[in-house]
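Thanks for asking me to look this one over. Here are my notes, written with the bench in mind.

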Amino acid sequence: MPKVSERYREARRDEIAQAALRCLERNGVRDTSIADIVAESGLSTGAIYSHFRNKAELARYIVGRFLIVRIDVLEERGAAGEVVTPRQALRGMLGIFDEAELSPALVVQFWGEAMVDADLKAEMTRTAGRLFAALTTALLPWARTRTSSEEDAADLARHAARSLAALAQGYIANAAVFGALDPAEYVEAAASVLAS
């Protein structure tokens, strides 16, 4: 039997993730089963389980594939010493919803389900930690332009990262409940209000 390449496995995981996203958006997180994803994807149950043991693993993959990739780019820029302003970082984070056609309502559903599913909560907590660390690294060069010591810069970057994550959560919740928001308009409105 020929070996399956990593590229093939990744393509298959993406195929499953896309089928899962369609099911999750249609049925909701709680009411989507692995059997639904099997039916949507046209793959066998074994094929699905060979890539993902449960919804928590699938959620981790979806977040990693669609959100963390964007955060990694911001982190790399900061690690290279490039100044990324908080406004640029927030725009970069929110841009994924348009680019990947990721539904804010689905993200909110995952948050809700994480309150009652320990595995999903662990994944969401791990992802949040990764997000904060990446944003802190991305914002550190900017923070250095605002403070006189490395310790103060690290503190400012951490606080700014936490605030940006909260602003992103606000965008996601607002868009999920009240309908689509233009990310650029949201960022500019938030910056305008906070600058007052």
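The points below go from the overall fold to the core, an aromatic pair and the pockets.

1. **Ground rules.** This is a predicted model, in which local features need pLDDT of at least 70 and side-chain atom pairs count only at pLDDT 80 or more, while totals for chains, interfaces and linings use all residues. Residues are numbered from 1 along each chain as its sequence is written, and side-chain values use heavy atoms, with hydrogens and water left out.

2. **Overall fold.** The chain has nine helices and zero strands (DSSP runs numbered from the N terminus, with H or I of at least four residues for a helix and E of at least two for a strand). Its C-alpha atoms fill a box of roughly 60 × 40 × 30 Å along the principal axes. Of the 196 residues, 42% are buried (under 20% relative accessible area, with exposed over 50% and partly exposed in between, using a 1.4 Å probe and protein chains only). Among contacts (heavy atoms within 4.5 Å) with a separation of 6 or more, 65% join residues 24 or more positions apart.

3. **The nonpolar core.** The largest nonpolar core has 54 residues (a set of buried Ala, Val, Leu, Ile, Met, Phe, Trp, Tyr and Cys residues joined through side-chain atoms within 4.5 Å). α7 gives the most to this core, with 10 residues. Those with the most contacts inside the core are Ile-37, Leu-74, Leu-94, Phe-97, Phe-110, Leu-135 and Leu-139. Leaving aside residues up to four places away in sequence, Ile-37 touches Ile-16, Ala-19, Ala-20, Cys-23, Thr-32, Ile-48 and Leu-58.

4. **Phe-110 up close.** This residue sits in helix α6, and Phe-110 counts as buried because its relative accessibility is 8%. With the same sequence neighbours set aside (up to four places away), Phe-110 touches Leu-24, Val-29, Ala-59, Leu-120 and Met-124. The C-alpha atoms of Phe-110 and Glu-57 are separated by 12 Å, with their positions 53 residues apart along the chain.

5. **Aromatic pairs.** There are two aromatic pairs in the structure (rings of Phe, Tyr and Trp, taking its six-membered ring, with centres within 6.5 Å; planes under 30 degrees apart are stacked, over 60 edge-to-face and the rest tilted). Tyr-171 and Tyr-186 have ring centres 5.2 Å apart and planes at 65°, so this pair is edge-to-face. It links Tyr-171 in helix α8 to Tyr-186 in helix α9, 15 residues apart. Both Tyr-171 and Tyr-186 are buried.

6. **The largest pocket.** Its volume is about 560 Å³ (a pocket is an open set of points on a 1 Å grid over the protein atoms alone, where a 1.4 Å probe fits, with protein on both sides within 12 Å along at least five of seven lines; lining residues have an atom within 4 Å of a point). Of the 25 lining residues, Val-107, Trp-111, Met-124, Thr-127 and Gln-169 are the closest to the centre. The largest share of the lining, seven residues, comes from α7. By class, the lining has 21 nonpolar, three polar and one charged residues (Ala, Val, Leu, Ile, Met, Phe, Trp, Tyr, Cys and Pro are nonpolar, Asp, Glu, Lys and Arg charged, and the others, Gly among them, polar).

7. **The second largest pocket.** This one has a volume of about 220 Å³ (the space filled by probe spheres set on grid points, which are joined across faces, edges and corners). α5, α8 and α9 each supply at least two lining residues, and α9 gives the largest share, five residues.
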